[in-house]
Amino acid sequence: MPVVVVESPAKAKTINKYLGSDYVVLASYGHVRDLPPKDGSVDTENGFDMLWEVAADSKKHIRAITEALKTDDTLILATDPDREGEAISWHLQEALASTLKKGKKVSRVTFNAITKEAVTEAMKHPRQVDQPLVDAYLARRALDYLVGFTLSPVLWRKLPGSRSAGRVQSVCLRLIVEREMEVEAFRAREFWSVSAVLNTPRGQEFEARLTVLGGRKLDKFDIPTAEAAELAVQAVTSRTLSVSSVEAKPASRNPYPPFMTSTLQQEASRKYGMGAKACMSAAQRLYEAGHITYMRTDGIDMAPEAVAQARSEIGKRFGPAYVPDAPRIYKNKAKNAQEAHECIRPTDMAVAPADLRLSERDQQNLYELIWKRTIASQMAGARMERTVVEIGSADGQVGLRANGQVVLFDGFLKVYEEGRDEEGEDEGRLPQIMQGEAAAPKKGGFEAAFKKQSDAAGKDDFDLIEAKAAQPQSALRRLPSAVISPDGAILASQSHTQPPPRYTEATLVKRMEELGIGRPSTYASVLTTIVDREYVRKDKNRLFPEDKGRLVTAFLTNFFRRYVEYDFTADLESQLDDVSAGERDYKEVLARFWRDFSAAIAETADLRIGEVLDKIDDFLSPHLYPLREDGSDPRVCTSCGTGRLHLKTSRSGGAFIGCGNYPECRYTRPISGEEGGSVDGRVLGADAEGVEISLRAGRFGPYVQKGEASEEAPKPPRASLPKGWESGALTLERAIELLSLPRQIGPHPEDGVMVESAIGRFGPYVKHGTVYANIPDVEEVFTIGMNRAVEVLALKAAGRRGAAVAEPLRALGEHPDGGPVQVMPGKYGPYVKWAKVNATLPKELSPEAVTLEEALVLIAEKAGKSGKKAPAKPAAAKKAAAKKPAAKTAAAKAPAKVAAKAPAKKPAAKKTAAKAAASEDASDS
């Protein structure tokens with residue numbers, strides 16, 4: 001039986017059902033090989049040869065495929081129909097090379113939908129792996145590796161506390177940071193608008209807006225103040241108005257094109273608040289179940305048979321009037337429309353959302369969205385009538401305009417209307433209005449709106465604007481944000497310009513697509529990476545840059561500006577598209593990039609941290625030192641009054657603002673902190689003895705202090721805030737608890753020696769004599785009892801005697817040179833262990849968050865400092881690798897090289913490559 005290999009078990013199950021017992025369908029569980037996260041995986045001195053390694057978890061899947069091929073000579077690679085799917089098939093072919101050379105037949109098939117018809121048809125048209133697509137994948141993977149494994153270590157050395165940089169990730173981050181800087185630099189501008197509720201002679205009301213005042217057409221800011229608004233309201237009130245013209249024009253709206261990956265993510269975000277990752281996860285499951293076509297696509301065209309089915313379904317459900325005369329044809333407008341595939345659509349147009357029983361709400365919502373959008377894309381356009389009514393005074397000094405719209409035929413709007421990123425005003429329907437007739441103000445037309453503004457302002461009354469003695473009834477009424485005419489028919493409302501909106505995932509994806517940055521199919525993973533790296537946070541679906549993200553962007557913009565330029569990144573994407581089309585050699589692209597990039601890396605070798613901080617300080621100065629209300633210099637220290645504020649870094653890797661007069665002045669604050677709330681000495685209260693307890697900001701973070709320093713007590717009692725405690729939420733009671741440590745639990749039951757709990761440099765612990773035992777939770781320091789303390793101490797003592805071995809906190813995976821890499825608990829905090837090498841985790845890396853790549857960097861650094869050597873690989877392993885037929889068959893494509901020695905010459909890269917964490921780089925590609 002032929003062996004068919006796909007990526008996932010869910011896809012394998014569905015396909016197996018269609019192919020029947022004549023085929024064996026197995027899953028590879030995604031990529032089976034990748035570049036090992038260590039130096040030399042891409043050899044820049046030998047034609048960019050790549051060293052591939054079968055992942056530990058993939059070995060069993062490779063064995064299963066190998067076993068199946070023992071009884072059959074045919075291997076069919078049926079991975080996804082995109083560049084990534086082509087790469088998985090290529091990797092499988094290479095990894096199975098030793099098995100396939102024995103007369104086995106290998107072919108590649110693709111299908112855009114997992115339906116019986118599509119799968120069986122694909123089996124009739126096998127082909128070979130598309131090498132240009134593979135080359136494009138190789139180029140992207142190599143680029144992401146080279147950026148991650150050379151730029152990230154530069155960040156670590158020159159900008160302590162940074163995590164990593166990526167080819168697309170860093171550009172995406174720059175977009176978010178620059179938008180935030182625009183928001184911070186924005187200054188609101190006041191303006192007023194005047195509207196009137198008018199009546200026709202038939203008693204029908206409509207609303208119109210003032211467009212002409214003093215015989216001159218109004219611009220947005222022509223009524224800048226409340227006083228000007230009063231004059232405008234009086235000008236309208238004092239004149240008789242009539243309709244000067246009525247103009248009705250036909251209008252139409254055509255449907256939106258069907259979804260591709262980026263537009264699906266945008267609409268799912270707008271309508272359901274789904275993140276890009278959640279959207280793609282739900283779409284993946286719908287695809288694997290055979291409900292929709294392939295969901296990673298840049299194409300918006302639809303197969304002819306699908307168009308015909310959609311048109312037929314429209315006619316059945318809505319009638320012939322909703323079917324356009326000819327099918328609608330759509331073409332891509334994006335800068336980099338890559339390997340075009342069909343749009344995302346239902347596999348069967350007749351299956352409406354109500355007909356499909358899905359258990360997960362995300363899948364239900366997404367299928368409904370896709371079905372409606374696809375059906376609507378082939379429906380007739382909507383027909384409307386738009387009416388513009390001009391109203392004016394006889395002397396031409398005042399003019400108003402009313403706009404209205406009537407839908408004559410709803411067309412595609414019957415099924416679907418696209419969501420909007422920002423709310424706008426909709427035009428309503430106007431009553432019958434005739435030219436030349438009077439337009440009288442409707443008494444009380446705006447009273448409800450005026451009262452609403454009054455309630456919002458918290459006012460029970462309003463100001464009466466003085467009227468002439470002869471006309472006391474003509475007094476206007478005014479609120480801080482509104483002016484209304486005496487009869488309540490004319491209202492002036494205050495408005496302010498708004499800053500540019502912060503990005504949502506939907507608007508960020510849209511912007512990246514417009515700029516041609518990255519690939520729409522991987523936007524989800526890029527967004528996930530910058531959030532996971534704590535460069536960006538999501539709040540109410542908006543994206544805010546964290547301080548760490550600002551610093552990274554400032555560093556890259558100042559020292560690697562070319563590589564975070566939008567045009568440069570888009571041009572590189574265009575070159576990679578040429579590679580996938582077979583029009584460009586991918587190694588030429590890599591060589592050109594590496595020549596300039598490695599030189600840029602080398603130029604930073606002699607940079608000192610002080611120089612870097614000065615550059616970043618200048619770049620971020622509008623954010624770090626906002627203007628003060630009193631107009632004083634924002635860089636003068638508010639504590640000592642003479643020192644200059646500067647950006648500084650701490651030993652723990654964080655950044656903060658500190659006074660230049662340190663140590664005489666110890667003023668510090670977070671780089672996004674408020675000045676007033678961050679000065680040393682904020683008093684929390686007094687203890688039972690009446691001594692003040694204050695919160696201080698120190699070089700190594702916030703701490704609490706009892707009393708003040710004096711000659712008798714030069715070092716008053718102090719205690720640092722434990723990790724996870726927010727200084728803004730600290731109470732007096734908690735501060736007193738901290739200052740009371742160590743806490744006496746009681747005498748040990750065996751020897752009577754006092755047992756204590758406290759918080760030390762490496763976290764919370766209990767102490768008995770000279771024995772210290774860590775406890776996992778800070779809160780337990782204040783609550784732990786004797787039984788629990790004795791248990792913890794006994795476990796520590798047992799571990800010393802070798803009676804018990806500490807259990808690993810986490811298993812991270814296999815080291816590239818063999819052996820497990822684990823996170824272990826230790827006396828001085830958690831550490832990573834491999835063979836005989838133990839490397840302490842930095843404070844910014846928690847045991848739960850550390851990745852295998854980051855652990856490998858720590859291990860490499862530790863081994864280098866201590867002179868320890870990793871266990872040598874068996875010679876047979878090299879020999880076996882050297883015998884791979886893949887090295888011969890793919891020599892011109894991506895020669896696989898197992899190097900016993902790293903390349904000897906790389907500007908600034910040899911030392912740094914082994915230190916880099918590039919776990920996010922694959923998601924950049």
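Here are a few notes on local features of this structure, which is a predicted model.

1. **Aromatic pairs.** A good place to start is with the rings, since the structure holds 20 aromatic pairs. One of them joins Tyr 287 and Tyr 294 in an edge-to-face arrangement, with 5.2 Å centre to centre and 70° between the planes. Tyr 287 counts as buried because its relative accessibility is 0%. Tyr 294, at 1% relative accessibility, counts as buried too.

2. **A tilted pair.** Phe 555 and Phe 560 also form an aromatic pair, this one tilted, with 45° between the planes and 6.1 Å from centre to centre. Why tilted? The angle of 45° falls between the limits, because planes under 30 degrees apart count as stacked and those over 60 as edge-to-face. Both Phe 555 and Phe 560 are buried.

3. **The cluster around that pair.** Which residues join Phe 555 and Phe 560 in one aromatic cluster? The other members are Phe 559, Tyr 563, Phe 568, Phe 593, Trp 594 and Phe 597. If you have the structure open, you may like to display these side chains together.

4. **A negative patch.** On the surface, Asp 606, Glu 611, Asp 614 and Asp 618 form a negative patch. Asp 618 belongs to helix α19, which spans residues 609–619. With a relative accessibility of 56%, Asp 618 counts as exposed, because the label applies over 50%.

5. **A cis peptide bond.** Please look at the bond from Leu 741 to Pro 742: this peptide bond is cis, with omega near 0°. Pro 742 sits in the loop that runs between helix α21 (732–739) and strand β29 (743–747).

6. **Positive phi at Phe 48.** Phe 48 is not a glycine, yet its phi is positive, near 60°. The residue is placed in the loop between β4 (42–43) and β5 (49–50). Is Phe 48 buried or exposed? Its relative accessible area is 6%, so Phe 48 is buried.

7. **Positive phi at Lys 540.** Another residue to check is Lys 540, whose phi is positive at about 55° although Lys 540 is not a glycine. Lys 540 is found in the loop between β20 (536–539) and β21 (542–545). Here the relative accessible area is 80%, so Lys 540 is exposed. Side by side, then, Phe 48 is buried, whereas Lys 540 is exposed.

Methods:
Residues numbered from 1 in each chain as written. Heavy atoms only, no water. Patch = residues over 30% accessible without salt bridge, like charges linked within 9 Å, V, L, I, M, F, W, Y side chains within 5 Å. Areas by Shrake-Rupley, 256 points an atom, 1.4 Å probe, with all protein chains shown as cover. Salt bridge = Lys/Arg side-chain N within 4 Å of Asp/Glu carboxyl O. Lys, Arg positive; Asp, Glu negative; His and termini not counted. Charge placed at Lys NZ, Arg CZ, Asp CG, Glu CD. Helix = DSSP H or I, 4+ residues; strand = E, 2+ residues; numbered from the N terminus. Buried < 20%, exposed > 50% of the residue type's maximum accessible area, 1.4 Å probe, protein only. Phe/Tyr/Trp six-rings, centres within 6.5 Å; stacked < 30°, edge-to-face > 60°.
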